[in-house]
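Visitor: I am new to this one. Could you show me the structure and walk me through it?

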Amino acid sequence: MNHIYKLHARLLKTGHHNHPLALRRLLLSCAASAPASLSYARSIFDLIAFPDTFAFNTIIRAHADSSPSFSLSLFSKMAMAGVSPDHFTFPFVLKACARLQTGLDLHSLLFKLGFDSDVYVQNGLIHFYGCCGFLDFALKVFEEMPERDLVSWSSMIACFAKNGFGYEALALFQRMQLVGTVKPDEVIVLSVVSAISILGDLELGKWIRGFISRNGLEFTVSLGTALVDMFSRCGCIEESMRVFDEMGERNVLTWTALINGLAVHGRSAEALRMFYEMRNHGFQPDHVTFTGVLVACSHGGLVSEGWHVFESIRNEYGMEPLPEHYGCMVDLLGRAGLLNEACKFVDGMPIRPNSIIWRTLLGACVNHNYIELAEKVKEKINELDSYHDGDYVLLSNVYGGVGRWAEKAGVRNSMREKRISKKPGCSLINVNHLIHEFVAGDNNHPQFESIREFLVSMIDSLKVVGYTPDISNVLFDIEEEEKESTLGYHSEKLAVAFALLCFKDSRTIRVMKNLRICHDCHCFMKYASDVFEREIIIRDRNRFHHFSKGSCSCRDYW
């Protein structure tokens, strides 16, 4: 901002401060310094008696990211003033629309004015449709472009990645390379890294790491940080740490990415150490950093350390804890079995507890069989969100866990009356870059019979060395033999059995699961890792479990 003030002072001194060209120059400088200079930019814009297209474009662009509503109001003002837009106007307007998830009628205006075939506008449309989730429209614009530049490819790849279509993003990246008209830059590679993070495919992760080196791309802070996060999501925290150590420069996002990775991989003490090392390097933690380190403390049972970190948010850094920080503390206390302390903490919160915080407490009540407290907490949740399937399942589980079948049936009946369906357990496994999906109790996989037979033999082998199915996880009033059969078809067991059938070498088995792994499957995986001499990594809803030689990285604390 100082250079802008100096420029304005110089114009005032020479008497040119009201000259249209001088005002345009000032406005352009303010826009380049946005968002810090937005109010100053508006005051300069107001001094222009008859703003032209350039002036409107400049002020619209300056507000498109941080104040999109104002950006669109300026576009309306531009139209009312009779100032004609050009092909630079609409990319900025589309950017503002993308931030607000609005403006679907803008495409027809572009067509009417004849801008729909301009490459800059088309790129803006691809970005806009991608942000709003209309991938078919984005792809239609992309495919109909007579010529595509680097931004065109980058925008479409980013659309796929941001909307969870990892393989489609990678396929388009490969197609771009085959076309050969543009050379990939850091922005495109960041989108590819994001796509691989979604897929959790470690081999693809190693490939993109090599691609960066082979193509001489600069190993920037942004790229390094993305790789740290990607390798963590792919289940290889060791590779994350290697990338981190290789980085010549880091920022708070880099440190936070590694802390989060260590936390979800059960390396709690290391995550805490990195948090303090980050501070020693002069980096100020942000709210995301605090969430990561509190998650680490929760997963590692580090209660006193977690309290110290939580209190430091306000006492040492002058920041107000966010709801997610309070939620982490409830989780920390609840996992440790300190339910009374957790309740007092929730009652003493300076902000109103949301449904997520109450839900966290409910989960802790179920894990520790605090039935009366679970019932009270469920009543609190009903006041905020009475249609979440997980709450009913948790309460049903706590009744079933102690054999109170009538109450359990009552919960299930309530779900049926409200038409609330339970989300089925689902596990994904990547075999030769093809995702195989397994759903608990589902026999739709083409190789189901061979998988089932092998899984039965696996269970028999594990029983010989001490595995006993934990039938308390099957919360139905049925015979024990039926309970064991139900347990046998949990989705992660089917996925691991399939992997053992497919992989004859000693490669690590990696499974992604949508729900929290149950106690029986956790026990099963420990025995399987020992008997079949395989490392098994299960990425469940909350964390990674690394099973090796009969033990798990979580130390049975999850």
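Visitor: How many aromatic pairs does the structure hold?
Guide: A word first: this is a predicted model. Rings count as a pair if their centres lie within 6.5 Å. By that rule, the number of aromatic pairs is 26.

Visitor: Take F310 and Y326. Is their pair stacked or edge-to-face?
Guide: The ring centres are 5.4 Å apart. The planes meet at 70 degrees. Planes over 60 degrees apart count as edge-to-face. So the F310 and Y326 pair is edge-to-face.

Visitor: Which parts does that F310 and Y326 pair tie together?
Guide: The two residues are 16 apart in sequence. F310 lies in residues 303–315, and Y326 lies in residues 323–335. Those spans are two helices, so the pair ties together α19 and α20.

Visitor: Is F310 buried or exposed, and what is its relative accessible area?
Guide: Buried means under 20% relative accessible area. F310 is buried, and its value is 8%.

Visitor: And Y326, buried or exposed?
Guide: The cut-off for buried is under 20%. Y326 has a relative accessible area of 4%. That makes Y326 buried.

Visitor: Now F438 and F498. Is that pair stacked or tilted?
Guide: The ring centres are 5.5 Å apart. The planes stand at 55 degrees. Stacked needs under 30 degrees, and edge-to-face needs over 60. The F438 and F498 pair is therefore tilted.

Visitor: How many residues apart are F438 and F498?
Guide: The pair links distant parts of the chain. F438 is in strand β2, residues 434–439. F498 is in helix α28, residues 491–502. The separation is 60 residues.

Visitor: What is the relative accessibility of F498, and is F498 buried or exposed?
Guide: Its partner F438 is buried, with a relative accessible area of 4%. F498 is at 1% relative accessibility, so F498 counts as buried.

Visitor: Where does the charged end of R148 sit?
Guide: The distance to a ring centre is 4.4 Å. R148 has its charged end over the ring of F142.

Visitor: Over which ring does the charged end of K378 sit?
Guide: Here the distance to the ring centre is 3.9 Å. The ring belongs to Y392.

Visitor: How many salt bridges does the count come to?
Guide: Side chains of opposite charge can pair when their charged atoms come close. The cut-off is within 4 Å, nitrogen to oxygen. The count of salt bridges comes to 20.

Visitor: In the salt bridge of R452 and E449, what separates the two residues along the helix?
Guide: Their side chains meet at 3.2 Å, N to O. Both sit in helix α26, residues 448–464. Because they are 3 residues apart there, the separation is about one helical turn.

Visitor: Which residues do salt bridges join into one network?
Guide: R452 counts as partly exposed at 25% relative accessibility, and E449 does so at 45%. Elsewhere, salt bridges that share partners build one network. Its members are E143, R148 and R175.

Visitor: With which residue does E144 form a salt bridge?
Guide: E144 counts as exposed, at 53% relative accessibility. Its side chain meets its partner at 2.7 Å, N to O. The partner is K140.

Visitor: How far apart are the end C-alpha atoms of helix α10?
Guide: Helix α10 has 13 residues, 150–162. At 1.5 Å a residue, the expected span is 18 Å. The model agrees, with the ends apart by 18 Å.

Visitor: Against which helices do the buried residues of α10 pack?
Guide: In α10, 10 of the 13 residues are buried, so α10 is largely enclosed by the rest of the structure. Among them are W153, M156 and F160. The buried residues pack against α8, α9, α11 and α12.

Visitor: Where is H265 found?
Guide: H265 is buried, with a relative accessible area of 2%. Residues it touches include F544, H546 and S553. H265 is found in the loop between α16 and α17.

Visitor: Which residues does the UniProt "repeat: PPR" annotation cover?
Guide: The annotation comes from an unreviewed UniProt entry. One span is 77% helix and 0% strand, with its end C-alpha atoms 10 Å apart. The other is 74% helix and 0% strand, with its ends 10 Å apart. In that order, the spans are residues 149–183 and 251–285.

Terms used. Residues are numbered from 1 along each chain as its sequence is written. This is a predicted model: local features need pLDDT of at least 70, side-chain atom pairs count only at pLDDT 80 or more; totals for chains, interfaces and linings use all residues. Side-chain values use heavy atoms; hydrogens and water are left out. UniProt positions are given in the numbering used here, feature names are shortened, and annotations may be inferred rather than shown by experiment. Helices (H or I, at least four residues) and strands (E, at least two) are DSSP runs, numbered from the N terminus. Rings of Phe, Tyr and Trp (its six-membered ring) pair if their centres lie within 6.5 Å; planes under 30 degrees apart count as stacked, over 60 as edge-to-face and the rest as tilted. Buried means under 20% relative accessible area, exposed over 50%, partly exposed in between (1.4 Å probe, protein chains only). A charge sits over a ring if NZ of Lys or CZ of Arg is within 6 Å of the ring centre and within 35 degrees of the ring normal. The expected span of a helix is 1.5 Å times one less than its number of residues. Contact means heavy atoms within 4.5 Å. Lists of a residue's contacts leave out its neighbours within four places in sequence.
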